[in-house]
Amino acid sequence: MLSITNLSGGYHRGAAIVEGVTLDLGTHRIMSIVGSNGAGKSTLLRAVCGLLPWYTGTIVLDGERIDGQKPHAIVRRGLRMVSEGRGTFPGQTVLENLRIGGYGLGQQEREKRLERELDRFPRLRERTQQVAGMLSGGEQQMLAVARAMMGDPRILVLDEPSQGLAPIIVDQLFELFPRLAASGTQILLVEQDVGRGLEVSDHAVVIEKGRVKLQGASRELLDDPRVQEAFLGLASP
Ligand SMILES: Nc1ncnc2c1ncn2[C@@H]1O[C@H](COP(=O)(O)OP(=O)(O)O)[C@@H](O)[C@H]1O
Ligand SMILES: [Mg+2]
């Protein structure tokens with residue numbers, strides 16, 4: 001469970017990029033944060049992961065405050081992020097990347113999870129000895145997700161996982177998210193494709209210029225004329 005209360009922050013003190021954001025992941029399995037380019041979605045996620053130069057407000061993960069904590073401490077508490085642009089180690093093989101994702105685990109547990117991830121991502125199993133940099137964009141994205149899942153995170157934060165991928169690969173990736181969520185990992189998903197983000201999630205927050213514009217059940221937001229007009233290219237009747 002993750003809750004964010006009155007979060008403001010940015011890159012230079014005094015110049016807030018996100019302002020007064022309050023949201024609660026609650027028991028939702030997948031929550032989408034949607035909004036146009038530059039709205040402050042990545043900035044918000046950086047704060048949650050302890051990567052933003054300054055912010056105020058509180059962030060509570062499973063009853064414990066994580067605001068002000070260092071990124072590695074937040075990771076240890078069960079939150080992992082797949083950043084925009086992925087961030088696998090390009091010179092390391094698929095297997096090495098996955099093992100890095102399982103650092104801190106005993107060898108037996110690590111190998112067990114590695115098998116689990118290779119079952120989950122058959123395309124990666126076919127390529128265990130390939131270096132990550134030689135994988136297709138979609139395979140790299142899958143590797144980045146699998147590597148994060150090696151830690152059995154309570155919460156997985158995904159920043160624009162569909163960026164730069166062919167539509168068919170995006171479909172495959174988005175089919176996976178509900179399955180990850182069903183295995184006990186809550187997902188906080190940033191998606192610029194508002195329709196897709198709303199379709200895959202149960203709850204959603206619309207961010208505009210760093211502030212929460214709307215939030216609610218994804219299904220209801222999909223039917224909301226304001227969302228349809230602003231993001232889905234549908235004119236109000
Ligand atoms: N590293 C940075 N330093 C300064 N400003 C940044 C940095 N990253 C993003 N910004 C600014 O913050 C605003 C929000 O960016 P971002 O959070 O990346 O938006 P989104 O992810 O919604 O597209 C933009 O105006 C952007 O220029
Ligand atoms: Mg972004």
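A salt bridge, for this tour, is a side-chain nitrogen of Lys or Arg within 4 Å of a carboxyl oxygen of Asp or Glu. Keep that rule at hand, since several stops use it.

You are looking at a predicted model, in which local features need pLDDT of at least 70 and side-chain atom pairs count only at pLDDT 80 or more, while totals for chains, interfaces and linings use all residues. Residues are numbered from 1 along each chain as its sequence is written, chains are lettered from A and ligands numbered from 1 in the order in which they are written, and side-chain values use heavy atoms, with hydrogens and water left out.

**Stop 1: the two domains**

Colour residues 1–78 together with 153–237 as domain 1, then give 88–152 a second colour as domain 2; these bounds come from an automatic or database domain assignment. The C-alpha centres of domain 1 and domain 2 are 24 Å apart.

**Stop 2: the interface**

Now select the residues in contact (heavy atoms within 4.5 Å). You should find 15 from domain 1 and 13 from domain 2. About 1,100 Å² is buried between domain 1 and domain 2, with carbon and sulfur atoms giving 74% of that area. Buried area here is the accessible area (1.4 Å probe) that two parts lose on being put together, summed over both.

How many salt bridges cross the interface of domain 1 and domain 2? The rule finds zero. Between domain 1 and domain 2 there is one residue pair in polar contact, both at pLDDT 80 or more. A polar contact is a pair of N or O atoms within 3.5 Å; within protein, one must be able to donate a hydrogen and the other to accept it, and residues adjacent in sequence count only if both atoms are side-chain atoms.

On the side of domain 1 that touches domain 2, show β7 (155–159) and α7 (167–182), each of which supplies at least two residues. Helix α7 gives the most, five residues. Helices (H or I, at least four residues) and strands (E, at least two) are DSSP runs, numbered from the N terminus.

**Stop 3: Gly 91**

Move to the loop between β6 (79–82) and α3 (94–101), where Gly 91 sits. Gly 91 counts as exposed because its relative accessibility is 62%; the classes are buried under 20% relative accessible area, exposed over 50% and partly exposed in between (1.4 Å probe, protein chains only). Draw a distance from its C-alpha to that of Gln 130, and the viewer should give 9.2 Å for these residues, 39 apart along the chain.

**Stop 4: salt bridges**

The whole structure holds 21 salt bridges. Start with Arg 113 and Asp 152, paired at 3.5 Å, N to O. Arg 113 belongs to helix α4 (residues 107–120), and Asp 152 to the loop between α6 (137–149) and β7. Arg 113 is buried at 12%, whereas Asp 152 is partly exposed at 38%.

Next, pick Arg 125 and Glu 115, which meet at 3.0 Å, N to O. This pair links helix α5 (residues 122–125) with helix α4. Arg 125, at 35%, is partly exposed, and Glu 115, at 39%, is partly exposed too.

Then show Glu 139 and Arg 123, with 3.1 Å from N to O. Glu 139 is in helix α6 and Arg 123 in helix α5, so this salt bridge ties together parts 16 residues apart in sequence. Glu 139 is buried, at 6%, while Arg 123 is partly exposed, at 32%.

Finally, select Glu 109, Lys 112, Arg 113, Arg 116, Glu 117, Arg 120 and Asp 152: salt bridges that share partners join these residues into one network.
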